[in-house]
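Open the model in your viewer and keep the selection tool at hand. The tour moves from stop to stop, and each stop says what to pick and what is there.

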Amino acid sequence: MSQDRFEIDEFARCLERAHAHATAYLRDLPERHVGARLGRTALMAAMHTPLPAQGEDGRAVLDLLASQAVQGTSACASPRYFGFVIGGSYPVALAADWMVSAWDQNAGIHVISPLAAAAEEVAAQWLLELFDLPRDSGVGFVTGCQMANFTCLAAARHGVLRRAGWDVEAEGLYGAPRVHVVTSAESHVTIDVAMRYLGFGTRALHRVESDAQGRMLPRRLRETLARLEGPVIVCAQAGNVNTGAFDPLREIGAIVRERGGWLHVDGAFGLWARANATLRAVADGIELADSWATDAHKWLNVPYDCGVAIVRDAQDHRTAMTSVAAYLIQTGGLERDPVDWVPEFSRRARGIPVYATLRTLGRDGVAALVERCCARARQMAGLLGAEEGVRVLNDVVLNQVLVRFGDDDELTRAVVSGVQDEGTCWLSGTTWHGLGAMRISVSNWATTEEDAARSAEAILRVYRALRTCREMSSSTAAR
Ligand SMILES: *Cc1c(COP(=O)(O)O)cnc(C)c1O
């Protein structure tokens with residue numbers, strides 16, 4: 001059943017249906033089983049039909065999707081979802097995102113969407129203030145920190161090669177001076193992927209040893225740099241994806257400056273520590289970098305997707321990203337064309353939910369959000385670490401906690417999957433320096449003290465049951 005005329009009533013009917021489904025979903029969210037309950041087989045059975053020759057009723061299609069979403073999604077916006085590093089959505093952020101869809105703006109250039117361009121311009125300024133980074137930095141709103149890392153490193157590639165007298169945008173990398181890229185042994189995999197996109201290749205990465213918390217060792221960085229000739233880019237990290245640890249950025253910043261290199265910081269969630277006066281000490285020296293990548297869909301709790309690329313030298317940023325085509329009608333004046341700061345061409349107005357959220361929270365609200373998540377992480381670490389046989393492997397400096405059970409990989413993995421099945425909360429496992437661990441990330445604005453306590457209790461219940469089981473089977477075996 002297709003439609004070929006603009007009818008406001010049909011929009012209204014579809015949106016009302018979507019609104020009803022969305023609020024029902026959100027109403028259940030805090031108490032539902034947190035993990036997804038349906039996998040591919042069940043979902044394909046419900047959803048896979050031959051492409052219909054005659055269309056169906058739009059609202060019936062929405063109903064079908066909503067019915068499968070109840071069990072076919074994981075409740076990753078739940079206050080008790082601690083997997084990966086995933087925030088939920090603030091009500092105003094979600095609503096602003098809906099308006100973005102209704103307006104259906106192509107936010108690439110100012111001429112198409114002055115509103116999107118203005119919202120991004122203001123949100124960019126606010127972010128630079130919150131993070132206390134140079135106010136004239138270039139800022140681009142991208143899909144996530146993967147693309148933020150890519151964008152920043154493209155600016156870095158441009159910057160270091162420009163200084164070496166090479167125009168990489170025109171000439172490419174064939175015949176270019178060799179650029180050395182240095183990162184820590186613990187950098188996020190998206191740095192490696194950015195190396196591939198940028199034509200450097202992952203083998204070109206020089207990896208610097210890190211310490212027990214995953215922090216790059218400045219002494220080793222110095223040694224590595226001493227061996228390298230020519231342009232260098234160093235990728236440091238604010239917030240290790242496992243431990244939450246920060247590289248010693250002040251020391252690293254001084255070393256890289258002395259060498260005349262470009263320092264990039266992956267601060268997907270860690271950069272937000274700068275928004276809190278008490279926590280910002282962990283990110284001391286971050287302002288010495290040349291570029292910073294972060295996410296808004298993680299800690300700011302806007303809906304997927306939104307990352308932010310920030311580059312100190314706005315000209316390097318813009319030159320690496322800008323597109324010029326005769327039909328584009330880019331502005332020559334004060335107006336900002338978002339396309340100049342990101343790899344995407346046509347794009348969603350993803351700065352608008354950021355604008356709405358920052359304006360709603362205010363500086364104090366963001367600071368409180370960051371502190372609250374860290375407090376919940378410390379709370380869970382305390383509750384779990386107090387149990388006999390349970391060990392917290394990291395210094396809980398931020399919102400990440402690594403927990404090991406019975407000093408045993410197999411038991412730890414069993415606790416993780418037991419907790420996933422039990423459904424009170426959801427988290428995943430990792431391997432930290434050779435040890436299996438449960439990984440807890442508190443990144444949701446709505447996680448309360450009670451949520452943290454209930455989740456820790458559920459985890460310990462699963463652990464105790466498994467421990468008893470094991471003791472029984474080992475005593476049976478001994479007999
Ligand atoms: C999540 C994360 C990324 C990747 O970000 P996406 O938003 O998933 O693209 C990069 N670095 C770190 C440290 C992260 O935690």
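**Stop one: the ligand**

Select the ligand and show the residues around it. There are 13 of them, and the closest are Q146, D266, D295, H297 and K298. Keep in mind that this is a predicted model. Colour the shell by residue class: four residues are nonpolar, six are polar and three are charged.

Next, draw the polar distances. Begin with D295, where a polar side-chain atom sits 2.7 Å from a ligand oxygen. Go on to H297: an N or O atom of its side chain is 2.8 Å from an oxygen atom of the ligand. Then switch on the backbone at C145, where a polar backbone atom lies 2.9 Å from a ligand oxygen. Is the ligand mostly buried or exposed? Taken alone, the ligand exposes 380 Å², and the protein buries 84% of that.

**Stop two: the sheet of seven strands**

Switch to cartoon. Trace the strands in the order β1-β7-β6-β5-β4-β2-β3; they form an open sheet of seven strands with mixed pairing. Which strands are at the edges? They are β1 (138-142) and β3 (205-208), each pairing on one side only. Look along the sheet: neighbouring strands are turned against each other by 20° on average, direction ignored.

Zoom in on one pair. Select 180-184 for β2 and 232-237 for β4; these strands run parallel and are joined by four bridges. Pick H180 and find its bridge partner, V232 in β4.

Now add the helices. Select 218-227, which is α9: this helix packs on the sheet and touches β2, β3 and β4. The direction of α9 makes about 150° with that of β3. Then select 314-321, which is α11. Helix α11 lies across β1, β5 (262-266) and β7 (307-311). Relative to β1, α11 runs at about 40°.

**Stop three: two backbone details**

Select Y304 and D305. The peptide bond joining them is cis, with omega about 0°. Where does D305 sit? D305 is in the loop between β6 (291-295) and β7.

Jump to F84. Its phi is positive, about 45°, although F84 is not a glycine. F84 also belongs to a loop, the one between α3 (58-72) and α4 (91-103).

**Stop four: the sheet of four strands**

Move on to β8, β9, β10 and β11. These make an open sheet of four strands, ordered β8-β9-β11-β10, with antiparallel pairing. The edge strands are β8 (390-392) and β10 (428-432), and each pairs on one side only. From one strand to the next, the twist averages 40°.

How many bridges join β10 to β11? There are five, and the two strands run antiparallel; β11 covers residues 435-441. Pick W432 and look across to L435 in β11, which stands opposite.

Finish with 409-422, helix α13. This helix packs on the sheet, touching β9 (400-405), β10 and β11. Its direction makes about 30° with that of β11.

**Last view**

Show the ligand and both sheets together. Keep D295 and H297 as sticks, with their contacts of 2.7 Å and 2.8 Å to ligand oxygen atoms. Label β1 and β3 as edge strands of one sheet, and β8 and β10 as edge strands of the other.

Terms used: Residues are numbered from 1 along each chain as its sequence is written. This is a predicted model: local features need pLDDT of at least 70, side-chain atom pairs count only at pLDDT 80 or more; totals for chains, interfaces and linings use all residues. Side-chain values use heavy atoms; hydrogens and water are left out. A residue is near a molecule or strand if one of its heavy atoms lies within 4 Å of it. A polar contact is a pair of N or O atoms within 3.5 Å; within protein, one must be able to donate a hydrogen and the other to accept it, and residues adjacent in sequence count only if both atoms are side-chain atoms. Accessible areas come from the Shrake-Rupley method with a 1.4 Å probe; for residues, only the protein chains shown count as cover. Ala, Val, Leu, Ile, Met, Phe, Trp, Tyr, Cys and Pro count as nonpolar, Asp, Glu, Lys and Arg as charged, and the others, Gly among them, as polar. Two strands pair if DSSP finds at least two bridges between them. Axes are lines fitted to C-alpha atoms, for helices over the stretch in contact, and angles run from 0 to 180 degrees between N-to-C directions. Contact means heavy atoms within 4.5 Å.
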